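Work through the exercises below with the sequence and the coordinates open. Each task is followed by a solution in steps.

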Amino acid sequence: MWFICEKELLQEAINTVQKATSSKTTYPILEGIHIKATKDNKVTFTATDLDLGIETYIETEVYQEGATVINSKLFGEFIRKLPNDKVIIKMEDNNVYITCQKSEFVLLGSNPDEFPKLPTINENSMYEISQDLIKSMIKSTIFAIAQEETRPILTGVLFEVKDRKLSFVALDGYRLALKRYDIDSDNEISAVIPGKTLNEISKILETTDEKAKITFTPNHILFNLGNTKVISRLLDGEFINYRQIIPEEYRLKVKVNRNELLDSIERASLLAREGKTNLIKFDIKDSCMVITSNSQLGKVYEEVNIELEGENLKIAFNSKYFLDALRIIDSEEIYLEFTTNVSPCVVKKCNSDDYIYLVLPVRLVEE
């Protein structure tokens with residue numbers, strides 16, 4: 001193997017596939033990047049931890065074809081520290097010589113035949129969705145996945161296409177985030193993508209209208225982004241019927257400026273965090289919502305102007321769960337829908353139903 005390419009191009013390829021390398025494994029070859037140079041002047045880089053696999057290629061000058069596997073961490077760090085110039089990579093026996101200007105680095109390569117092959121996926125049936133939209137849908141839901149492995153299915157995001165709507169849904173038992181978008185497809189699918197996969201794919205996706213081609217098999221999902229392919233296992237099991245969780249009726253509805261509410265809750269949460277509970281209280285009445293929090297260090301009192309439909313209510317929440325949603329919603333004004341002080345609050349945009357967030361209240365002992 002022998003090829004020459006620009007350092008920046010090489011580094012970008014390494015950064016992309018490194019997201020799938022495994023650092024905690026009893027199978028050392030998974031700590032490496034598989035590099036393959038071919039006669040058509042392509043060099044392909046592949047990494048996998050057996051759950052997530054990423055493959056990308058660059059077009060450059062290939063003088064001799066060949067393949068090897070080299071340690072991802074060392075290779076990546078050395079390339080990153082090189083000057084911005086052409087890098088020569090040449091393999092003799094099992095040694096990989098990396099040369100740039102007056103620097104040379106030799107790494108021991110491993111047998112490429114021992115590197116696990118990524119699953120072969122037939123790309124006959126696919127969804128074509130803009131990278132920008134997928135990135136936005138991930139950002140709008142990923143924060144609501146479960147962090148604990150007690151219910152593995154909840155550590156992923158539901159990807160659902162039904163009735164010509166694409167939905168991303170995440171829930172962790174305390175809140176639910178649902179992002180929807182009209183899609184030009186009659187194909188229906190329901191699959192749960194691991195949160196780790198979506199976190200990594202969102203770093204690779206560009207903020208562009210260019211399409212990502214998404215293909216499903218019973219066990220895997222493939223994102224084809226042109227030069228780069230990301231393949232991931234899907235999570236096993238049935239996702240919770242989220243439609244049953246979202247209340248269809250409410251007893252009071254609050255219209256409020258998102259930024260004013262966000263700023264008030266952020267100030268109130270400073271003390272709530274000190275109290276280790278993140279507890280904030282809402283007292284909703286007439287044209288005003290009073291937000292309070294207290295700890296051993298003091299008290300916070302905030303008033304926010306609102307438009308209220310319905311009766312008065314006192315209710316409490318974990319401030320973190322409220323802030324997560326308010327920071328995501330891209331709407332100047334929002335609706336908060338309540339039923340009782342122990343029922344979920346539904347947060348929606350005023351001008352669209354493409355985003356719904358549901359958060360459970362904290363039960364208060366009557367004072």
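## Exercise 1: two loop residues with positive phi

Gln101 is exposed, with a relative accessible area of 54%; exposed stands for over 50%, buried for under 20%, and partly exposed for the range in between (1.4 Å probe, protein chains only). The model is predicted, local features need pLDDT of at least 70, side-chain atom pairs count only at pLDDT 80 or more, and totals for chains, interfaces and linings use all residues. Residues are numbered from 1 along each chain as its sequence is written, and side-chain values use heavy atoms, without hydrogens and water.

Task: Locate Gln101 and Asp163, and state the backbone phi of Gln101 and of Asp163.

Solution.
- Step 1. Gln101 sits in the loop between β8 (95-100) and β9 (103-108). Strands (E, at least two residues) and helices (H or I, at least four) are DSSP runs, numbered from the N terminus.
- Step 2. Although not a glycine, Gln101 has a positive phi of about 50°.
- Step 3. Asp163 lies in the loop between β11 and β12, a hairpin with two residues between the strands. Its phi is positive, about 50°, and Asp163 is not a glycine either.
- Step 4. Asp163 is exposed, at a relative accessible area of 62%.

## Exercise 2: the sheet around β11

Task: Which strands stand at the edges of the 12-strand sheet, and how does β11 pair with β14 and with β12?

Solution.
- Step 1. The 12 strands form an open, antiparallel sheet in the order β14-β11-β12-β13-β25-β24-β23-β18-β21-β20-β19-β22. Two strands count as paired if DSSP finds at least two bridges between them.
- Step 2. The edges are β14 (189-194) and β22 (313-318); each has a single partner strand, so one side of each is left without a neighbour in the sheet.
- Step 3. Neighbouring strands are turned by 25° against each other on average, direction ignored. Axes are lines fitted to C-alpha atoms, for helices over the stretch in contact, and angles between N-to-C directions run from 0 to 180 degrees.
- Step 4. β11 and β14 are antiparallel over six bridges, and Gly156 has Pro194 as its bridge partner in β14.
- Step 5. β11 and β12 are antiparallel over five bridges, with Leu158 bridged to Val169 in β12.
- Step 6. Six of the seven residues of β11 are buried.

## Exercise 3: Leu336 and the nonpolar cores

Task: Which residues touch the most other members of the largest nonpolar core, and which helix gives the most to this core?

Solution.
- Step 1. A nonpolar core is a set of buried Ala, Val, Leu, Ile, Met, Phe, Trp, Tyr and Cys residues joined through side-chain atoms within 4.5 Å.
- Step 2. The largest core has 96 residues, and Phe75, Phe282, Phe322, Leu336 and Phe338 touch the most other members.
- Step 3. Helix α5 (residues 258-274) gives the most, with six residues.
- Step 4. Contact means heavy atoms within 4.5 Å. Residues up to four places away in sequence aside, Leu336 touches ten listed partners, including Leu252, Leu261, Met289, Phe322 and Val347.
- Step 5. Another core, of 15 residues, lies apart; among its members are Leu178, Ile246, Val346 and Ile356.

## Exercise 4: a buried loop residue

Task: Is Thr60 buried or exposed, and which residues is Thr60 in contact with?

Solution.
- Step 1. Thr60 lies in the loop between β4 (52-59) and β5 (61-64).
- Step 2. Its relative accessible area is 13%, so Thr60 is buried.
- Step 3. Leaving aside neighbours within four places in sequence, Thr60 is in contact with Phe3, Ile4, Cys5, Asn41 and Val43.
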